[in-house]
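Here are a few exercises to work through with the model open in your viewer. Try each task before you read its solution.

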Amino acid sequence: MTASEAPTTALGAGPGFVVQLDAFSGPLDLLLHLLREEQLEIADIPIARIADQFLHAIHDLGLNQAADYLDMASRLVRLKAQMLLPRRSEDDGWEDPRAELVRRLLEYQQIREIAVWMGRAAERRAEQFARGYLPPPPALPPPPLTLDLLELLQAVERVVVAIPTPVLHRVIARPLDVESATRRIEALLDQRAEFGWLDALGPRPGIVDLLSTLLALLELAKRGALRLTQPAPFSPMVIARDPARATA
Amino acid sequence: MTPLAQLLEAALFSAARPLTVEELSTLEPDANLADVRMALEQIREHYDFEQHGVELAEMAGGFQILTRPIHAAAIERAQFSVRAPKLTAAALETLAVIAYRQPVGRAEIEEIRGVSAGGVLRSLQERGLIEVVGRSEALGRPLLYGTAPMFLDLLGMRDLADLPRAEELTIALQPHRAEQEGEDDAAAYVEAES
């Protein structure tokens, strides 16, 4: 028991124990490493201890963001709990909850071996240069598209969705400012008995001012505040005080 | 060397990729495949016997003239050529799963390796080492990956049969789920490649 506890304490010692995250290609790799460290059989993993070590290791590694490691951590914790459940020793129906993990570890170990073999083969091959050998370009052209109609339509959908719906502007014309035009005309009428309608326009008149002035003129004429006369066809309109009002 | 051997040597010298026996046989209408193989053997013996700096290598289903490994360091030092960059452990593991389980989907690769594989798959595909070989009938019709001819070149293998044999890899090759269809596909694919 003391022997088996020693490595755990060594792990717990912290500062001296540095695990390089880059050294592991995943949670299974880390598990295999922990098992190898303590020369434990994959087939008979002491789940409780390994689970603790795994959690400790990923804590040290600062892997809290790495979902893959967390996924394995949660599996281990669940296994640990399952192993703690009491069972009758003669129970034949009992299935070792570790079986799935053991199978995965063995399978992964095999893949690792092949990967190592392949790495060596690739290294040997890299020692030989072919005629016309060119360094592999940093980025090869993307592989040819393989998609069916549905995917294409879905892709189109995604693109179309990204296009913002055109913002339709409701153009509301600036309301005609008849009141100020009326005031302006009335002021003019006070000063002059008669003037051209162009004088009634304010400075730098826009289309709105023009229309406002026109409406004001018509309104005032209707009220009898002024008189509109046109000396000759197509000649400028002449605005004059209404004689009745003028005398008043 | 016979005229045919000389012709084949010239063709192999000019090519930047392995040439198959079938391709080489188109050089000379009168030569059959056996003649080509014999001429190739003559070239190989010639290079070996005369201790040439190059050798005739058989790989990726064809033949290619390669420099001998002993000269690699000097050539690289002089910057006439550079070694292909090493693959990462993640890339090699992913390649290993694909090589043995092909055609295989991303989910199975991730299940075996215990990590997400999206980025690795993309870079392997960009390097031309794997390719999409089909779609699974499973939900979502995920893409299935297989090794590309470049994979054989990478490892200097003649064909996929050069991988460590199935019997030596009892566990990795045992389908752990009832995936009879998938396994049959994998077998068919391997045969088609070789």
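Two residues are in contact if their C-beta atoms, placed from the backbone, lie within 7 Å. The model is predicted, so local features need pLDDT of at least 70 and side-chain atom pairs count only at pLDDT 80 or more, while totals for chains, interfaces and linings use all residues. Residues are numbered from 1 along each chain as its sequence is written, and chains are lettered from A and ligands numbered from 1 in the order in which they are written.

**Exercise 1.** Leaving aside its neighbours within four places in sequence, find what A:L210 is in contact with.

Solution. Start with the address: A:L210 is found in helix α9 of chain A (helices are DSSP runs of H or I with at least four residues, strands are runs of E with at least two, numbered from the N terminus). With those neighbours set aside, its contacts are A:L201 and A:P205. Next, check burial: 20 or more other C-beta atoms within 10 Å of a residue's own make it buried, 12 or fewer exposed, and anything in between partly exposed, with C-beta atoms placed from the backbone. A:L210 has 17 other C-beta atoms within 10 Å, so it comes out partly exposed. Finally, try a C-alpha distance: A:L210 and A:L176 are 34 residues apart along the chain, and their C-alpha atoms are separated by 9.3 Å.

**Exercise 2.** Work out how α2(A) and α5(A) are oriented relative to each other.

Solution. Two packed helices are described by the angle between their axes and the distance between the axes. Here, the axes of α2 (residues 27–37) and α5 (residues 99–126) of chain A come within 10 Å and cross at roughly 95 degrees. Axes are lines fitted to C-alpha atoms, for helices over the stretch in contact, and angles run from 0 to 180 degrees between N-to-C directions. On the scale used, under 35 degrees is roughly parallel, over 145 roughly antiparallel, 65 to 115 roughly perpendicular and the rest oblique. The pair α2(A) and α5(A) is therefore roughly perpendicular. Now list who meets whom: A:L28, A:L31 and A:L32 in α2(A) meet A:R104, A:L105, A:Y108 and A:Q109 in α5(A).

**Exercise 3.** Lay out the open sheet of 3 strands in chain A.

Solution. Strands pair if DSSP finds at least two bridges between them. The order is β1-β3-β2, with antiparallel pairing. At the edges sit β1 (194–196) and β2 (226–229) of chain A, each pairing on one side only. From one strand to the next, the twist averages 25 degrees. Zoom in on β2(A): 4 bridges join it to β3 (residues 238–241) of chain A, and the bridge partner of A:L226 in β3(A) is A:R241. Helix α9 (residues 207–223) of chain A packs on this sheet, touching β2 and β3 of chain A, and its direction makes about 115 degrees with that of β2(A).

**Exercise 4.** Which residues in α7(B) are buried?

Solution. B:V120, B:L121 and B:L124 are the buried ones. Look down the axis of α7(B): the buried residues fall within an arc of 100 degrees (taken from the directions from the helix axis to the C-beta atoms), so they line one face of the helix. On the other side of α7(B), B:G118 and B:G119 are exposed. The cover over the buried residues of α7(B) includes α5, α6, β4 and β5 (143–147) of chain B.
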